[in-house]
Amino acid sequence: MTAFLESISYNGWILPALLGLPLLGAAVLLLRGRAATADAQMASDRRFALWVFLAEAGLSLGLWWSVNVEVPLWQADFELPWIPSWGVSFHLGLDGIALMLVLLTTLLMPLAVLGGWTSIREKTASYYALLLILTTGMLGVFMALDLVLFYVMWEVMLIPMYLIIGVWGGQRRLYASLKFFLYTMLGSLLMLVAIIWLGTAAGTEGVPNFGYDAVLNYTRLSDAHGSVWLFAAFAVAFAVKVPMFPFHTWLPDAHVEAPTAGSVILAAIMLKMGTFGFIRFALPFFPAAAMLPAVRTVMLSLAVIGIVYGALVALVQPDFKKLVAYSSVSHLGFVMLGIFALTTESLQGALVVTIAHGISTGALFLLIGMIYERRHTRLVDDFGGIAKVMPVFSVFLTIVALSSIGVPGTNGFVGEFLVLIGSFQTQPFYAVIAATSVIIAAAYLLWAVQRIIYNPLVKPENERLRGHDLNWREIGLLTPLVVAILWIGVYPKPLLQKTERAAAKLIQYVEDVRTSDRIGRIR
């Protein structure tokens, strides 16, 4: 496979192609002719969008073989001048960490489209066009090696999701979409100020330089790597997106009101951009500031508070979708704990939790959407005895819930176990507190599953679900997610190998800058 990809110069064109294909698909979708009837138009729009997403996923698969994670250089590197007078270039590239997030995005998007196959019936061309534009923005965030390009992509993904929630969401969609937009936009403005300052400072002869490597070199050689204010500007933007406590309040509303595909994308992909931002920008640019005892204590404390708080609040939620939303606050707290514990095990564990959460929580939101289409309620107490009338649904829900809890043999266990082991080496106090949330997670999810599928079948509305179990489309889109859950849980080695070099490189870089900074102060 590697030889074939080299023969077609795959790495030379794949990244811009992955960004351009969704935009081309969106343009065709909006500009092509209309069908004779509304039903025909809806079917045509969703089939066209699905084929574009499948093509995107198929093209991206070659990255698994073409990206050589052992080479300490950006892979699939692509650069063109964009605004030379401002020092801005269209520069794309991957390392092992970005590779996994790009593949997570391209492979989940077709499943998200299939998950909302029958629920979106109005303005379908606009809906699927926005999903395609959103895909370009999300992929651009993971690929960008120019700070202005990164910021543009960061904002590009904001507008489509705002519209998806605001137009196709639930009863409180306008409130949820506005809250999502304002939180993310305000945090981003702080980051923009820091980006402008860094690009200007890293420039030469009066011309700014926003290239990632140029800014990284500038911060390493100057006092900027110890700037708490610059670190804070990036950290707030990323903390809102994660979201970390206390910046999390937009998330439950956005999840509950978003259509199924919107909830899947938010949980599985968009939240990961916050944690990716810390790994790609905040820590490498400002290692001395990030590792100051006071700053580190704040970040670790907020991470652990988020872990426990998210789990406790999830425990009392009557709405199953909101329960899963709050569980995301808890799971992403594990990621932040792993990042700031700063060991190879904890950082790799954080990356595994990132992927595992995307798969498991994405699957949970898909299952919630499927049962909502049949029952038109998400309140846990409205169910009971579903296993008797929808056994296939119940099997999938049980497996996915167990993976979210972190049962051994599933993807959730591998990541959380590595985070706790790695964190205990440097931050035993926080690791012990975080470990207690595993018990709470078992309580809120197992209790919800019990009430939904194992309690007595006493409500006539649930009895009417007999004969309306999952269809072949729904089984087909859930099966690869369950396979991934079990594969990562049993054999995580391929995933760990892809991220090990990048994780070790980041940790070594942070330690080297901290050491040189400490020696400089002694002198």
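This is a short tour of a predicted model, with a suggestion at each stop for what to select next.

**Stop 1: the largest pocket**

Start with the largest pocket, which holds about 770 Å³ of space. Of the 28 residues that line the pocket, select Trp168, Gly169, Gly170, Tyr372 and Arg378, the closest to its centre. Now colour the helices around the pocket: H8 (158-168), H12 (250-257), H13 (260-270), H17 (320-341) and H18 (344-375) each supply at least two residues of the lining. Which helix gives the most to the lining? That is H18, with five residues. If you colour the lining by class, you will find 10 nonpolar, nine polar and nine charged residues.

Stay with two of the central residues for a moment. Show the side chains of Tyr372 and Arg378: the charged end of the arginine sits over the tyrosine ring, 5.0 Å from the ring centre.

**Stop 2: helix H7**

Next, select residues 147-156, which make up helix H7. Is this helix largely enclosed or largely open? Seven of its 10 residues are buried, so the rest of the structure largely encloses H7. The buried residues are Leu147, Leu149, Phe150, Tyr151, Met153, Trp154 and Glu155. At the start of the helix, add Asp146 to your selection: one of its side-chain oxygens reaches to within 2.9 Å of the backbone nitrogen of Val148.

**Stop 3: an aromatic cluster**

Keep Phe150 and Trp154 of H7 selected, and extend the selection to Trp74, Tyr212, Phe234, Phe238, Phe278, Phe281, Phe285, Phe286 and Phe340. Ring pairs link these residues, with Phe150 and Trp154, into a cluster.

**Stop 4: two ring pairs to compare**

The structure holds 26 aromatic pairs. For an edge-to-face example, select Tyr127 and Tyr128, whose rings are 5.0 Å apart centre to centre with 75° between the planes. Both of these tyrosines are buried.

Then move to Phe413 and Phe417. Their ring centres are 5.3 Å apart and their planes are at 20°, so this pair is stacked. Where do these phenylalanines sit? They are four residues apart in helix H21 (residues 411-426), and about one helical turn separates them. An α-helix has 3.6 residues a turn, so residues three or four places apart point the same way. Phe413 is partly exposed, at a relative accessible area of 28%, and Phe417 is also partly exposed, at 41%.

**Stop 5: a charge over a ring**

Finish with Trp447 and Arg451. Here the arginine lies over the face of the tryptophan, 3.7 Å from the ring centre.

Notes:
Residues numbered from 1 in each chain as written. Predicted model: local features only at pLDDT ≥ 70, side-chain atom pairs only at ≥ 80, totals over all residues. Heavy atoms only, no water. 1 Å grid on protein atoms, 1.4 Å probe; cavity = no way out; pocket = protein on both sides within 12 Å on 5 of 7 lines; lining within 4 Å. Points joined across faces, edges and corners; volume = space filled by probe spheres on them. Nonpolar A, V, L, I, M, F, W, Y, C, P; charged D, E, K, R; others polar. Buried < 20%, exposed > 50% of the residue type's maximum accessible area, 1.4 Å probe, protein only. Polar contact = N/O pair within 3.5 Å; in protein donor to acceptor, adjacent residues only side chain to side chain. Phe/Tyr/Trp six-rings, centres within 6.5 Å; stacked < 30°, edge-to-face > 60°. Lys NZ or Arg CZ within 6 Å of the ring centre and 35° of its normal.
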